[in-house]
Amino acid sequence: MSSSPSAPSLGPIADAAPLSLCARAPHVPADRLVAEMVPPPRFDSVRFSTYIPDPNQPSQTEAVRVLEGFAGGLRGAHATGGGKRGFFGFGKAKAPKTPAGPRGVYLDGGYGVGKTHLLASLWHATPAEPALKAFGTFVELTNLVGALGFQQTVQTLSGHRLLCIDEFELDDPGDTVLVSTLLGRLVDAGVALAATSNTLPGKLGEGRFAAADFLREIQGLSAHFRPLRIDGEDYRHRGLPKAPAPFSDEQVTKAAYATEGASLDAFPQLLDHLSKVHPSRYGALTDDLKAVCLTDVQPVPDQSTALRLVVLADRLYDREVPVLASGLAFDQLFSEEMLNGGYRKKYFRAISRLTALARDGEKLLGTD
């Protein structure tokens, strides 16, 4: 793997030059896509007990209570076989015909209220070995269908006890129909479902809640989901300082050379490279990275580029990779038109997550 260009004025600070994301073109086999359907590293250790509800938002406490009960209701479930046994897989004659609880649960709230934390906690709390539980974003699920084919995906996931889908995409009608059809087959096989989603294009308002949109778009599956509304502000901004101002090119480059496992790329070149790598591979693109250093951050030029950057921001945030940058601050990445458009929630999420990673990136500068 080639490295990023050296910085002659700084001299060799580390034993080796930084890595370059632009030099990476990962190929991800289908079996890795399946094996990696677990909560991302950022959520390895989260549990219901580590979710700290906002005392001013009782819906957060209620969501934890309901989800704990939902997970407990999956105890002893057996996902294989037809759906006639009932949702929780009770096949014995004396078992209840209709087990208590919904067939699925939908976490309905704005970005930064901890939906992914709760979804991952549900995955961890469900009493089944990891191979019988799956967790992934909507994009990762559609990528799995693309890699395996629809029928093979159904066969692969039908033996699971629980499928968690984070950020269910409601802005692509084709993919929504595809995944809704897939979920219908999985429900028939007895798989429990849990999901979060984004807002539909044109649903500007506060951009916070999407339950009605979600239930309408998944149509025949809507009766299987119990919406759990989770009110609250973006926790990443509760009492935290503003995002740090960008640093100089020299500071960012020096930090990249001084940090083992860091990458160093010019932001415009990285955006161009992302157009050549399928978003399903962005996770692999960040394998083994300890930090991402970017120079010359500029406004994102168009919506296609912006949506790719959103996916990369999600993968970096999931993996807790700090980001250090020069140029513009991250809250200036997207134009006013983008922030007022149909994908606004994705862009605000990206800004929020990149801001959190930028705070972490400040530590790369040490005490200079």
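These legends go with a set of views of a predicted model.

**View 1. The whole chain, helices and strands together.** Count along the protein chain and you get 13 helices and eight strands. Of its 368 residues, 52% count as buried. The fold leans on partners far along the sequence: among contacts with a separation of 6 or more, 82% link residues 24 or more positions apart.

**View 2. The outside of the chain.** Here we look at the accessible surface, which adds up to about 16,400 Å² for the protein chain. Carbon and sulfur atoms own 52% of that area.

**View 3. An open sheet of three strands.** Read across the sheet and the order is E6-E7-E8, with parallel pairing. The edges belong to strand E6 (262-266) and strand E8 (323-327), each of which pairs on one side only. Going from one strand to the next, the twist averages 10°.

**View 4. Zooming in on E6 and E7.** Strand E7 covers residues 291-297 and runs parallel to E6, with five bridges holding the pair in register. Which residue in E7 is the bridge partner of Ala266? That would be Thr295.

**View 5. A helix packed on the sheet.** Now bring in helix H8, residues 249-258, which packs on this sheet. How many strands does H8 touch, and which ones? H8 touches E6, E7 and E8. As for orientation, the direction of H8 makes about 160° with that of E7.

How values were computed:
Residues numbered from 1 in each chain as written. Predicted model: local features only at pLDDT ≥ 70, side-chain atom pairs only at ≥ 80, totals over all residues. Heavy atoms only, no water. Helix = DSSP H or I, 4+ residues; strand = E, 2+ residues; numbered from the N terminus. Buried < 20%, exposed > 50% of the residue type's maximum accessible area, 1.4 Å probe, protein only. Contact = heavy atoms within 4.5 Å. Areas by Shrake-Rupley, 256 points an atom, 1.4 Å probe, with all protein chains shown as cover. Pairing = 2+ DSSP bridges. Axes fitted to C-alpha atoms, helices over the stretch in contact; angles between N-to-C directions.
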